[in-house]
Amino acid sequence: MARTPRDVHLPISLPTPVRSRRLVDELLAAIVDGRLAEGDWLPSTRVLARQLSCSRSVVTGCYDELIAAGFLDGIPGAGTRVRAGARAAVRLGARSHVTEESAPVVVRGEGAVPRIIGDLRPGVPDGSLIDARRWRSCVRAATWTPEPPTAGTTALTAALGDHLRRHRGVHVEQILLTPGSSCGFALLGEAAWESGIRRAFVEAPGYAEAQRELARAGFSVEPVEVDADGVCIGRLPDDRCLVYTTPAHQYPLGHRMSVDRRARLVEWARRTGSVIIEDDYDGEFRYDVPPLPALQALPGAREFVGYVGTASKTLTVGLAVAWTVPPGVLSDAVGRRYAERAWSVAEPVAGTLAEFISRGHLATHLAKVARTYRDRRNALSAAVIERCPEMPIIGVDAGLHATIVIDRVPGAQVRDRLERSGWLVRAVSDYPLADKQSVDGVVVSYARLTPASAVRFAEALRRAVPEVLSEGGGRVRT
């Protein structure tokens with residue numbers, strides 16, 4: 001017996017022509033923002049096709065893809081509805097493979113039709129490199145199997161502890177899960193203030209979020225210069241203070257802290273009783289250079305180095321998962337602050353990531369994406385060297401971004417010119433305390449940059465500098 005069609009109106013609209021891929025993205029967004037709740041019925045394919053003025057096959061293809069991925073349930077004789085646990089699953093879903101138009105940016109010129117090229121601002125990995133089949137399997141295991149309320153958090157803490165010991169050499173006695181690395185900076189900053197530390201130093205230039213959290217904790221943040229080997233220890237005081245650093249890949253210039261500098265920094269902290277915040281945001285990615293252990297892994301470091309890591313660079317920013325390993329001298333104070341804050345990671349997210357790590361998928365993923373990112377780095381470097389030989393590219397040994405040094409004109413003006421031609425980048429001067437550094441230029445992510453796009457970007461960069469000079473933006477450096 002034919003079923004009676006449900007009178008369901010889906011609150012979405014799409015520009016024509018409607019593509020199945022675009023409809024998939026819109027339905028996933030509707031599940032995340034609550035327009036579609038778990039258990040809600042969707043319109044029939046015929047009704048939705050009529051609503052969107054598109055072919056029924058477009059809607060059928062969309063529904064089939066989401067049913068296969070486990071986000072929807074197709075019930076014979078009844079219809080299609082949002083599956084239980086779908087909202088958590090959508091937050092973890094990988095997207096289709098990177099294309100030339102990945103992460104588009106709208107370019108608006110005077111009287112010009114908006115054009116889409118690319119967003120090369122640092123901070124976002126290529127989430128499409130996640131193995132979707134393995135990821136969905138972990139999502140199902142974590143979100144659709146009855147478990148105790150905190151099973152995901154418990155499993156993730158154990159899995160992360162093992163991963164950090166094996167891959168970063170980190171000494172793990174306590175791991176605190178938070179929804180972002182800024183929470184870790186806040187915990188360590190507040191605990192350091194509580195312990196009597198009153199001076200805090202941040203790399204110049206440095207990460208704005210770290211500076212903000214330390215300022216909120218009560219510190220008047222001071223700059224410490226960096227060179228090709230990392231933090232300039234000679235610029236630090238000879239008394240107790242707090243230092244924030246990114247030794248694996250200095251943010252934003254990209255330098256790797258040398259082994260000698262790491263050892264000297266730990267010795268300085270031990271001698272002065274200081275505390276170091278190690279932000280290991282890019283610690284998993286290095287190219288054509290020997291691995292270096294985390295700063296916290298060095299002998300004697302665990303008492304003075306607080307370690308902060310995140311899944312936002314290794315997997316995808318949408319996870320909202322970070323972790324803090326407090327230093328021994330602040331362990332109790334950090335624990336108290338953590339209990340007061342009541343920060344947490346969503347249990348389905350924690351459970352999925354725990355499954356992904358414990359099954360060995362994270363190690364496999366890191367090995368695979370490191371090769372991909374190395375190739376993209378090589379493409380960017382080769383394109384810049386060929387088309388802009390007067391602009392050195394630094395910070396290419398690790399991480400997901402590099403800095404292109406520009407001597408003739410302010411990096412901010414080059415950034416603006418590139419934006420007008422369709423490319424979003426950061427200028428070194430966009431970062432806090434950049435005035436304490438002699439290096440200027442633009443900071444470029446290659447995480448989602450295809451080889452063909454690298455060539456197009458380098459050509460745009462080559463054009464941007466003469467155009468800025470013709471506008472009167474040049475300068476003489478002293």
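pLDDT is the predictor's confidence in each residue, from 0 to 100. Keep that scale in mind here, since this is a predicted model. The protein averages a pLDDT of 87, and 89% of the residues score at least 70. At the start of the chain, residues 1-5 stay under 50 and have three contacts beyond four places in sequence. Welcome to a quick tour of the rest, with an eight-stranded open sheet as its main stop.

**Confidence**

- Residues 94-114 also have a pLDDT below 50, and this stretch has 46 contacts in the model beyond near neighbours in sequence.
- Residues 1-5, with a pLDDT under 50 as well, have three contacts beyond four places in sequence.

**The sheet and its edges**

- Eight strands make up an open sheet with mixed pairing, and their order is S6-S13-S12-S11-S10-S7-S8-S9.
- The edges of this sheet are strand S6 (176-178) and strand S9 (230-231); each has a single partner strand, so one side of each is left without a neighbour in the sheet.
- At the S9 edge, strand S8 (residues 221-227) pairs with S9 in the antiparallel sense over two bridges.
- Within that pairing, Asp-227 stands opposite Gly-230 in S9.
- Helix H6 (residues 151-167) lies across S6, S12 and S13, and runs at about 110° to S6.

**Strand S12, a good place to zoom in**

- How many residues of strand S12 (residues 305-310) are buried? Six of its six residues are, so to speak, out of sight: the strand is mostly covered, because buried means under 20% relative accessible area.
- Both faces of S12 are covered, with Val-305, Tyr-307 and Gly-309 buried on one side, and Gly-306, Val-308 and Thr-310 buried on the other.
- Strand S11 (residues 275-279) runs parallel to S12, and four bridges join the two.
- One pair to look for is Ile-277 with its bridge partner in S12, Gly-306.
- S12 is also joined to strand S13 (residues 322-325) by four bridges, and here the strands run antiparallel.
- On that side, Gly-309 stands opposite Trp-323 in S13.

**Helices H7 and H8**

- The axes of helix H7 (residues 181-194) and helix H8 (residues 208-216) come within 8 Å and cross at roughly 35°.
- The crossing of H7 past H8 is right-handed.
- H7 brings Ser-182, Phe-185, Ala-186 and Gly-189 to the contact, while H8 brings Glu-209, Ala-210, Glu-213 and Leu-214.
- Sorted by class, this contact has four nonpolar, two polar and two charged residues.

**Two buried side-chain sites: His-365 and Arg-415**

- His-365 lies in helix H12 (residues 361-387).
- Is His-365 buried or exposed? With a relative accessible area of 5%, His-365 is buried, because the cut-off for buried is under 20%.
- Leaving aside neighbours within four places in sequence, His-365 is in contact with Leu-129, Ile-130, Thr-314, Leu-315 and Phe-356.
- Arg-415 is found in helix H13 (residues 411-420).
- The relative accessible area of Arg-415 is 18%, so Arg-415 counts as buried too.
- Not counting residues up to four places away in sequence, Arg-415 touches Val-425, Ala-427, Asp-430 and Val-442.

Notes:
Residues numbered from 1 in each chain as written. Predicted model: local features only at pLDDT ≥ 70, side-chain atom pairs only at ≥ 80, totals over all residues. Heavy atoms only, no water. Contact = heavy atoms within 4.5 Å. Axes fitted to C-alpha atoms, helices over the stretch in contact; angles between N-to-C directions. Left-handed = near helix turned anticlockwise from the far one by under 90°. Nonpolar A, V, L, I, M, F, W, Y, C, P; charged D, E, K, R; others polar. Buried < 20%, exposed > 50% of the residue type's maximum accessible area, 1.4 Å probe, protein only. Pairing = 2+ DSSP bridges.
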